[in-house]
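Dear colleague,

Please find below the structure that I am handing over to you, with its sequence. My notes on it follow.

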Amino acid sequence: MSKITTELLLERAVPRSTRLRKIETLNLSKLQLKTGDLDPRLFSRLRHLQKLDLSDNLLDKFPNSLTLPDLRVLNCNNNKLEDVTALKQFPLLEELTYENNVYLTLNDDYKVMFLLQNLRLLNGKDITKLANHVRRVNSRKLTSKVTAHWEKFFRDQLPEKYTAEQVKSIKKKFLKSVQTNVVYGPSSLSEFTRWRVKMIAEELLACSLGLDLSTDPESEEMMDENEEESTESPREAAEDVDQVGVFSSYVTVTPSKRKRNHSKPGSGNKRSKTQANTEEAAEDVSAEPLHFLQCHSKGNSREDFKTQLWSCVFEPLLDCGARKDPIMSSSRTVATCGGESVCLIDCETGTVLKKYKVATEEFFSVAWTTLTMVISDSRKKSHNILAAAGRRGIVKLIHVAADFCYGEIKAHKKPIATVCFSPTRETHLFTASYDKRIALWDIGIPDCDYNFKASQLLVLEALSIPLRMALVPTCPDQYLLAGCEGGCFAWNIKLDKEQKSRPFEAIFQFPDEDGGMTTSHRVDGLAFLNDDVVVSKSSKPGCIYLWSWSRSFDTKGKGCQRTISAVILAELEWSPTDLSYLTLSTCPAKDYVFCGDEKGSVWMYNLSNYTTAWTSAKGKRSDRRIPPTQILKWPELRENGEQLTEVLINNVVSDPTFTFLVVLTSVNITAIWKKS
């Protein structure tokens, strides 16, 4: 039974009314209303309704036939709206607010400005001038471009006498081509542009061919729903920052001291005499700071030292990639994310090669994969694809070489903490969310027109929020490890099982501060050092453990949700801070572990002298904590004469050969060091 009745409408009228047709102002906020609760037959009786408040509900869209002919003011704040095009049924609307609908973007603002000719205020702002530009100048420019595209490439394809089938074929080809090739305005509005281009193209075809080529409304709605289920979405062009624009969009903060770092291992940190005298800590890495970049600022503000940077991943090399440096055996291009943007940076030059921006997003994680795609002449070619996700629970898929965000996957209703691709199946993407689930997706391979179809393959249930993921190197198609708010878990992810939703198979317990064993602790750092050794960081202050996967997890064990004691190989000395989410990383080729701290320092551990012993079946746990090989100190950086303080290192990542070290901070600065 619907939540909305005649009695409720009369009661919620302002002021209360005795007849529906007399109601002019109606407050339906905070009623937990869903789209199905808006009964068109009941609303059609509100003939004189002018102001409607639907804020703080659960609406994901509007029914297409509410029939409110006199509606002037509409409040839809704090809902779950995913589309605004149904608002065109309210042609007299003058004031509209839909803030805090996480799935709506700037593209939706432009859609309502075009659809609602009388709209003056949008989310409290006067949009009269901008709306006139959208309706007139924008439409005129796009119409000119669409017409030129038809005249140049398609008009002559139709014979003098054509059949309905020929028209249908030409229409399909033209609509695909024109939406791909007609570009106008900033790329952040590419979804709106594509939407308008399709609309203009259909009008042009109807006029040119003298036929009504519009799609039947019912079949079009069904098509849209099917597209939503398959997670195909309109393409969004990625925002390209050219070489000139790079330096206007970020500040390069110059360190007051740029000397080569020759500090002794662990200098400035108190250690016992035993630890200070260890031979293993005697190496000096000699890393030099190259660049300090401020390229994730909100609104490109030079005053932004608050945006948190969270994730960075080096771009994989292609066999003949344009960015391949013949002198190096690994890429020097890194993707970083934080705030509303994702950046691609050349570590050698410090140049921001690309910048992708979503004004309503806060990005938490990025991951690369390489897909073999069919290009226009039917040849196959490998391309790097970047996945980026964050607070909105949406995964953006970006074809970097084409400067093109070709699609998105609405993966979760809550934020995505981290993402990673399978090393063996290039289209398989894992997304870990605040909804306490890890989902496995097949993102598909886009065709030459960037059409793709994504599907969900698996859902892994966690007891708490997953923060970090790692696929087991020896069996990446069978087991996944995850560090979570409530412990470290393992799942069987083999796809030959029928069960699509799975509980964890094992939870690992570690030593606690009292000398016992516990499973209940926050694991905010997790990575494999090699095929067997796992490095994990827990909420226990100053604690980074190295432990054996193979000796801890018996793959022949029966049942699931087993509690397993991790076989500890060693413990790394680290900062005594109790701050969380300062994550770690590894460089397996060089046997290195990296972890930042709360003082802006980077702790580096060269473990090559230990790994051989650990691989032995009889390898024993190191009796003492292993000190860092070296600690890179945060330099004295100044902006406008003020020294930057309270710098947290959220993430540290090296390229596969440990040539560059990228450091992400809590003060909107990306630091790049180079190993000498």
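Among the contacts in the chain with a separation of 6 or more, what percentage is accounted for by residues 24 or more positions apart? Such pairs make up 58% of those contacts. Please note that this is a predicted model.

As to the chain as a whole, it has 676 residues, of which 54% count as buried. Its secondary structure consists of eleven helices and 41 strands.

I looked in some detail at one of the sheets. Four strands form this open sheet, in the order S10-S11-S12-S13, and the pairing is antiparallel. Strand S10 (309-314) and strand S13 (351-357) are at the edges; each has a single partner strand, so one side of each lacks a neighbour in the sheet. From one strand to the next, the twist averages 20°. As general background, strands of a sheet pair through backbone hydrogen bonds, in a parallel or an antiparallel manner. Within this sheet, strand S11 (residues 333-338) and strand S12 (residues 341-346) run antiparallel and are joined by six bridges. Ala-335 is found opposite Leu-344 in S12.

A second point concerns Arg-135, which belongs to helix H4 (residues 128-153). Is this residue buried or exposed, and which side chain of opposite charge is nearest? Arg-135 is buried, and the nearest side chain of opposite charge is that of Asp-126, 9.3 Å away. A salt bridge requires a side-chain nitrogen of Lys or Arg within 4 Å of a carboxyl oxygen of Asp or Glu, and Arg-135 has none. There is, however, a polar partner in the backbone: the oxygen of Gln-117 lies 3.2 Å from a polar atom of the Arg-135 side chain. When neighbours within four places in sequence are left aside, Arg-135 is in contact with Met-113, Phe-114, Leu-116, Gln-117, Asn-118 and Leu-119.

The last site is Gly-444, in the loop between strand S20 (437-442) and strand S21 (455-461). Gly-444 has a relative accessible area of 12% and is therefore buried, the cut-off being under 20%. Which residues does Gly-444 touch, if those up to four places away in sequence are not counted? They are Leu-371, Thr-427 and Lys-453. Of these contacts, the one with Leu-371 joins residues that are 73 apart along the chain, with their C-alpha atoms separated by 9.2 Å.

With kind regards

How values were computed: Residues numbered from 1 in each chain as written. Predicted model: local features only at pLDDT ≥ 70, side-chain atom pairs only at ≥ 80, totals over all residues. Heavy atoms only, no water. Pairing = 2+ DSSP bridges. Helix = DSSP H or I, 4+ residues; strand = E, 2+ residues; numbered from the N terminus. Axes fitted to C-alpha atoms, helices over the stretch in contact; angles between N-to-C directions. Buried < 20%, exposed > 50% of the residue type's maximum accessible area, 1.4 Å probe, protein only. Lys, Arg positive; Asp, Glu negative; His and termini not counted. Polar contact = N/O pair within 3.5 Å; in protein donor to acceptor, adjacent residues only side chain to side chain. Contact = heavy atoms within 4.5 Å.
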